[in-house]
Amino acid sequence: MLSAIYETDFLGFSYGFRPKRSPHRARDALSVGILTKKVNWVLDADIRAFFDTLDHGWLVRFLEHRIADRRIVHLIQKWLRAGVLEDGKRIVSEEGTVQGGSISPLLANVYLHYVFDLWAERWRHREARGDVVVVRFADDCVVGFQHRGEAEQFLADLRDRFGHFGLTRHPDKTRLLEFGRFAAQRRAERGAGKPESFHFLGFTHSCARTRKGRFTVLRQTMRQRLQAKVKAVGTVLRQRLHRPVPEVGAYLRAVLSGHVRYYGVPMNGRAVGLPRGPRATLAPYPATP
């Protein structure tokens, strides 16, 4: 019921844990935004321990802003106070949502809808003079800017905004980097090397050009994710060393098919073991224009 209510409120650049809004659509929206808008700078923002630090008091106030039935709000408060069991002991916290709880993703989206989405939408229409592209999937946000000054101002304002609602940016995962169709040329003029890349939803996003010389966003499987997956599969195979071959084959088939369905995007054929045809259309991004 709550999902149906809030689906009419949530903004278009919010993709996490919503019907018909998969990670694939979030990645495609980001790539299309960078390719079609004047994006020269990218802010890769991540919230430190968001699901563990979500403030219950603010969450209840957000719910009361939309839900008039006190019984529903009271039920959610009981859900939040239920706590978790660790080593047989019940632990209750005034922050965070129940990990694995069916309602936790929706509550997280409600919280960030008020804390980030509405604020970011207002900011880019009132404060920005250039193009601004916003994509959020759960607590992972990527924002593209035309002007560096506006990107830096957004980052400073975002720190204050998060602090007001008990959130903090992850210091290691939040970066402002030069990115876009002119990034290589401008960095080469300064002797700064090739453009930096950023990670989003399991993919490393980099500046590249097609063989026809057109700018494109190259999406490749994150090396850490691929190595971790290979290691995990190897562990399972060693545990099933003496299991029947058809059973092990069924397991490998399920793992590989799931991997290909998620990471099988254009120009990422090598990482999923596909023929090299898709990659053949890509030329390395030149160090100089």
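Where is Ala138 found? In this predicted model, Ala138 is found in the loop between strand 4, which covers residues 132–137, and strand 5, which covers residues 140–145. Although Ala138 is not a glycine, its phi is positive, at about 60°. With a relative accessibility of 8%, Ala138 counts as buried, because the value falls under 20%. A positive phi of about 60° is also found at Lys20, which is likewise not a glycine. Lys20 has its place in the loop between helix 1 (2–7) and helix 2 (23–36), and with a relative accessible area of 73% this lysine is exposed. Of these two loop residues, then, Ala138 is buried, whereas Lys20 is exposed.

The description now turns to the packing of helices. Two packed helices are described by the angle between their axes and the distance between the axes. For helix 6 (residues 104–126) and helix 7 (residues 148–164), the axes come within 11 Å and cross at roughly 150°. Since angles over 145 degrees count as roughly antiparallel, helix 6 and helix 7 are therefore roughly antiparallel to each other. The crossing of this pair, helix 6 with helix 7, is right-handed. On the side of helix 6, the residues that take part in the contact are Tyr114, Val115, Phe116, Trp119, Ala120, Arg122 and Trp123, and they meet Glu150, Gln153, Phe154, Asp157, Leu158, Arg161 and Phe162 of helix 7. Sorted by class, the contact of helix 6 with helix 7 has 9 nonpolar, 1 polar and 4 charged residues.

Helix 6 also packs with helix 4 (residues 56–66), and here the axes come within 10 Å and cross at roughly 85°. This angle lies in the range from 65 to 115 degrees, and helix 4 and helix 6 are therefore roughly perpendicular to each other. The residues of helix 4 in this contact are Trp58, Leu59, Phe62, Leu63, His65 and Arg66, which meet Leu107, Val110, Tyr111, Tyr114 and Val115 in helix 6. By class, the contact of helix 4 with helix 6 has 9 nonpolar, 1 polar and 1 charged residues. Tyr114 and Val115 of helix 6 appear in the contact with helix 4 and also in the contact with helix 7.

One of the helix 6 residues that meet helix 4 is Leu107. Leu107 has a relative accessibility of 2% and therefore counts as buried. When its neighbours within four places in sequence are left aside, Leu107 is in contact with Leu54, Leu59, Leu63, Ile76 and Leu80. Among these partners, Leu59 lies 48 residues away from Leu107 along the chain, while the C-alpha atoms of the two residues are separated by 7.7 Å.

Charged side chains form a further part of the picture. Side chains of opposite charge can pair when their charged atoms come close. A search of the whole structure finds 12 salt bridges. In one of them, Arg70 is joined to Glu64, with the closest N and O atoms 2.4 Å apart. Both partners are partly exposed, Arg70 with a relative accessible area of 45% and Glu64 with a relative accessible area of 38%.

A salt bridge is also formed within helix 6, where the side chains of Arg124 and Glu121 meet with an N to O distance of 2.9 Å. Because Arg124 and Glu121 are 3 residues apart in helix 6, they are separated by about one helical turn. Arg124, at 23% relative accessibility, counts as partly exposed, and Glu121, at 24% relative accessibility, counts as partly exposed as well.

Arg175 forms a salt bridge with Glu196, and the closest N and O atoms of this pair are 3.5 Å apart. Arg175 lies in strand 6 (residues 175–178), whereas Glu196 lies in the loop between helix 8 (183–190) and strand 7 (198–200), so the pair ties together parts that are 21 residues apart in sequence. The relative accessible area of Arg175 is 28%, which makes the residue partly exposed, and Glu196 counts as partly exposed at 34% relative accessibility. In addition, salt bridges that share partners join Glu178, Arg187 and Arg190 into one network.

Methods:
Residues are numbered from 1 along each chain as its sequence is written. This is a predicted model: local features need pLDDT of at least 70, side-chain atom pairs count only at pLDDT 80 or more; totals for chains, interfaces and linings use all residues. Side-chain values use heavy atoms; hydrogens and water are left out. Axes are lines fitted to C-alpha atoms, for helices over the stretch in contact, and angles run from 0 to 180 degrees between N-to-C directions. Helices (H or I, at least four residues) and strands (E, at least two) are DSSP runs, numbered from the N terminus. Angles under 35 degrees count as roughly parallel, over 145 as roughly antiparallel, 65 to 115 as roughly perpendicular and the rest as oblique. A crossing is left-handed if the near helix is turned anticlockwise from the far one by less than a right angle, and right-handed if clockwise. Contact means heavy atoms within 4.5 Å. Ala, Val, Leu, Ile, Met, Phe, Trp, Tyr, Cys and Pro count as nonpolar, Asp, Glu, Lys and Arg as charged, and the others, Gly among them, as polar. Buried means under 20% relative accessible area, exposed over 50%, partly exposed in between (1.4 Å probe, protein chains only). A salt bridge is a side-chain nitrogen of Lys or Arg within 4 Å of a carboxyl oxygen of Asp or Glu.
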